[in-house]
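Me: I have a protein model open in front of me and I would like to learn how to read it. Could you walk me through a few features, starting with pockets?

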Amino acid sequence: MAYNVSSVEFWKERIEMGKSRGMLHHSIYELDNAGWEMVEKRHMKLAFEHINAMDDKVLDIACGYGRISKYFLPENYTGVDFSEDFISIAKEHNPYHKFLQADITKLPYEDNTFEWGIGVSIRAMIQREVGEDVWKAMEKELQRVCNHLIFFEYSDGKGNHGVEPYEVIRKGCLINEVRTSGI
């Protein structure tokens, strides 16, 4: 089933669904609270194997409602999303962090502004639902503004949690690190 993830209306509906269930994370991914907490903790543990939370400037790619902003100092964190609705929620829940409504193919930042870019469940979704050509344009722009990138998924694509794939792309390295997280 194809989802129109590039539509603002799609995300408005997802946000409303999440709010009506009292689980805002359902706007992003439908997983019970315990599973959601487990996946988030595992993602952030892996992220901090690479990212220095005290010093590195981080761009949260397609930040949604800003769920990972709490792990970073406000002065080192910027979240971007194309949905104004998500950005409004992010600003309301995280008033000290920076959030910007932006098109990921044309970011308003200088080259190498951020040490790291983090994307959670964006890469596979864009490739699957919008197309590889759109993803390539996004990735090129992200590599322009970020020195390094890390992409996480919520499952292995078959609904299995505890084995989420992730990839680290380091500037200047020919080999990308692709691993699967474990429990």
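Reply: Happy to! The largest pocket holds about 1,000 Å³ of space. Keep in mind that this is a predicted model.

Me: Which residues are the closest to the centre of the largest pocket?

Reply: Of the 43 residues that line the largest pocket, V5, W11, S121, I122 and M125 are the closest to its centre. Next, look at the elements: α1 (8-21), α4 (123-129) and α5 (132-145) each give two or more residues to the lining. The largest share, 5 residues, comes from α4.

Me: How do the lining residues divide into nonpolar, polar and charged?

Reply: The lining of the largest pocket has 24 nonpolar, 9 polar and 10 charged residues.

Me: Now for charges. How many salt bridges does a search of the whole structure find?

Reply: The general idea is that side chains of opposite charge can pair when their charged atoms come close. In this structure, the search finds 14 salt bridges. One of them joins K12 and D85, with the closest N and O atoms 2.9 Å apart. This pair links distant parts of the chain, since K12 is in helix α1 and D85 is in helix α3 (residues 84-93), 73 residues apart.

Me: Are K12 and D85 buried, exposed or in between, and what does E40 pair with?

Reply: K12 is partly exposed at 31% relative accessibility, and D85 is partly exposed at 25%. E40 forms a salt bridge with K70, the closest N and O atoms being 3.1 Å apart. E40 lies in helix α2 and K70 in the loop between β1 and β2 (77-81), so the pair ties together parts that are 30 residues apart in sequence.

Me: Why does E40 count as buried, and K70 as exposed?

Reply: Compare each value with its cut-off: buried means under 20% relative accessible area, and exposed means over 50%. E40 counts as buried because its relative accessibility is 8%, while K70 counts as exposed because its value is 55%.

Me: Which residues are linked in a network of salt bridges?

Reply: R123, E132, K136, E139 and E167 are linked in such a network.

Me: One last residue, please: where is M54, and what does M54 touch?

Reply: M54 sits in the loop between α2 (33-47) and β1 (58-61). Leaving aside residues up to four places away in sequence, M54 touches L73 and N76. M54 counts as exposed because its relative accessibility is 56%.

How values were computed
Residues numbered from 1 in each chain as written. Predicted model: local features only at pLDDT ≥ 70, side-chain atom pairs only at ≥ 80, totals over all residues. Heavy atoms only, no water. 1 Å grid on protein atoms, 1.4 Å probe; cavity = no way out; pocket = protein on both sides within 12 Å on 5 of 7 lines; lining within 4 Å. Points joined across faces, edges and corners; volume = space filled by probe spheres on them. Helix = DSSP H or I, 4+ residues; strand = E, 2+ residues; numbered from the N terminus. Nonpolar A, V, L, I, M, F, W, Y, C, P; charged D, E, K, R; others polar. Buried < 20%, exposed > 50% of the residue type's maximum accessible area, 1.4 Å probe, protein only. Contact = heavy atoms within 4.5 Å. Salt bridge = Lys/Arg side-chain N within 4 Å of Asp/Glu carboxyl O.
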